[in-house]
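Me: Can you walk me through how the parts of this protein fit together, and where the empty space is? Keep it casual.

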Amino acid sequence: MVENDETSGGASTRPPGEPWRPLTDTGRGYLSVYFSEQMARWPVREITRRGDNKSDPNIETGTYGLFSTCEPSMRNRIVQDGAATIFFITTHKPGNGRVLSGYYHVGHFTEGTQGAVNRDFALAADLMRFIEPIPVGSLPEPLAAFCSVPFRQIRPTDVDATRALRAICDSAEDRTEEYLSEVSRVERFAYSQTELSYPSWGRDGGFTWADAPEYYQTDDDLSKVPNSSKNKKWRCRECGFVIKSGALLKKCPLCKKAATLVPDTEVAA
Ligand SMILES: [Zn+2]
């Protein structure tokens with residue numbers, strides 16, 4: 001299990017020094033939908049999602065978008081607008097609808113491997129809290145109606161909604177430690193099945209802050225890279241291999257170099 005040095009029960013608020021920059025909070029936020037692990041007791045991200053193993057929300061480090069390419073437009077908006085609070089929404093038990101599982105308060109950001117040119121910003125929480133999931137329909141109004149409106153991935157929250165949702169999470173018991181244990185348990189389960197915790201990444205272990213430097217933007221010659229590939233095939237500009245993945249990966253699963261993958265169709269064209 002990952003050690004959290006700075007706080008008990010929460011965000012890895014290990015202060016991000018360079019290259020992280022502080023984010024000014026304007027009081028706004030986002031609802032953010034993520035895929036969760038159906039077999040898990042707590043709705044942690046879907047680590048075992050086939051061909052698209054999820055690394056975000058990465059509660060072990062309290063980051064979002066550091067390791068994965070998920071939700072670039074939300075991450076960009078958070079940085080541009082200081083919309084610092086991300087409320088996490090997921091469908092955990094099919095048929096039960098969406099639930100609110102917790103939030104990040106983002107304190108810092110930096111450019112990810114794909115760089116600002118691709119609107120790729122990594123976010124780091126200075127505070128986070130995960131709770132017994134609350135069905136969005138049972139939130140007090142007007143939050144229930146607001147959160148129940150069908151939307152795909154993200155929905156901005158204004159200052160009032162942000163404050164109210166945060167108060168609800170803060171008044172619920174902090175279950176973050178249980179979520180962290182669950183991440184670790186699912187990773188061990190995946191490893192026992194495939195000898196890799198993240199087979200679509202070619203990755204045998206979990207994520208810690210020690211992995212972060214490999215995911216910072218270091219290449220000044222970055223070009224724009226599409227975030228999706230129609231045939232789910234990506235070619236590595238470094239080693240030349242073609243890999244299959246539902247989402248753009250920040251590192252090549254074979255040679256492990258960062259920001260080298262491009263959609264295979266684009267290369268062929
Ligand atoms: Zn490669």
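Reply: Sure, starting with the interface: domain 1 and domain 2 bury about 880 Å² between them, and 45% of that is on carbon and sulfur atoms. Buried area here is the accessible area (1.4 Å probe) that two parts lose on being put together, summed over both. Bear in mind that this is a predicted model, where local features need pLDDT of at least 70, side-chain atom pairs count only at pLDDT 80 or more, and totals for chains, interfaces and linings use all residues. Residues are numbered from 1 along each chain as its sequence is written, and side-chain values use heavy atoms, with hydrogens and water left out.

Me: Which three residues supply the most of the area that domain 1 buries against domain 2?
Reply: One trio gives 56% of the area that domain 1 buries against domain 2, more than any other three residues. They are Thr-69, Thr-113 and Gln-114.

Me: Where are the bounds of the two domains, and how many residues of domain 2 are in contact with domain 1?
Reply: The protein is divided into domain 1 (21-192) and domain 2 (225-269), with bounds from an automatic or database domain assignment. Their C-alpha centres lie 26 Å apart. Counting contact as heavy atoms within 4.5 Å, 14 residues of domain 1 touch domain 2, and the number on the domain 2 side is 10.

Me: How many salt bridges are there between domain 1 and domain 2?
Reply: A salt bridge is a side-chain nitrogen of Lys or Arg within 4 Å of a carboxyl oxygen of Asp or Glu. Lys-250 forms one with Asp-120, the closest N and O atoms being 2.9 Å apart. Between domain 1 and domain 2, the count is 1.

Me: On to the empty space: what is the volume of the largest pocket?
Reply: On a 1 Å grid over the protein atoms alone, a pocket is an open set of points with protein on both sides within 12 Å along at least five of seven lines, while a cavity is a set where a 1.4 Å probe fits but cannot get out; lining residues have an atom within 4 Å of a point. Grid points are joined across faces, edges and corners, and a volume is the space filled by probe spheres set on the points. For the largest pocket, that comes to about 730 Å³.

Me: Which residues are closest to the centre of the largest pocket?
Reply: The lining draws at least three residues from each of domain 1 and domain 2. By class it has 9 nonpolar, 10 polar and 8 charged residues, where Ala, Val, Leu, Ile, Met, Phe, Trp, Tyr, Cys and Pro count as nonpolar, Asp, Glu, Lys and Arg as charged, and the others, Gly among them, as polar. Of the 27 lining residues, the closest to the centre are Phe-35, Lys-54, Cys-70, Glu-71 and Gln-153.

Me: Why does the largest cavity lie between the domains, and which residues are closest to its centre?
Reply: Domain 1 and domain 2 both give residues to the lining of the largest cavity, so it lies between them. About 80 Å³ of space lies in this cavity, and its lining has 5 nonpolar, 7 polar and 2 charged residues. Of the 14 lining residues, the closest to the centre are Asp-52, Asn-53, Trp-201, Ala-247 and Leu-249.

Me: Which residues line the second largest cavity?
Reply: About 50 Å³ of space lies in the second largest cavity. By class, its lining has 8 nonpolar, no polar and 1 charged residues. The lining is made up of Tyr-34, Pro-43, Val-44, Arg-45, Pro-57, Ile-59, Phe-130, Tyr-179 and Val-183.
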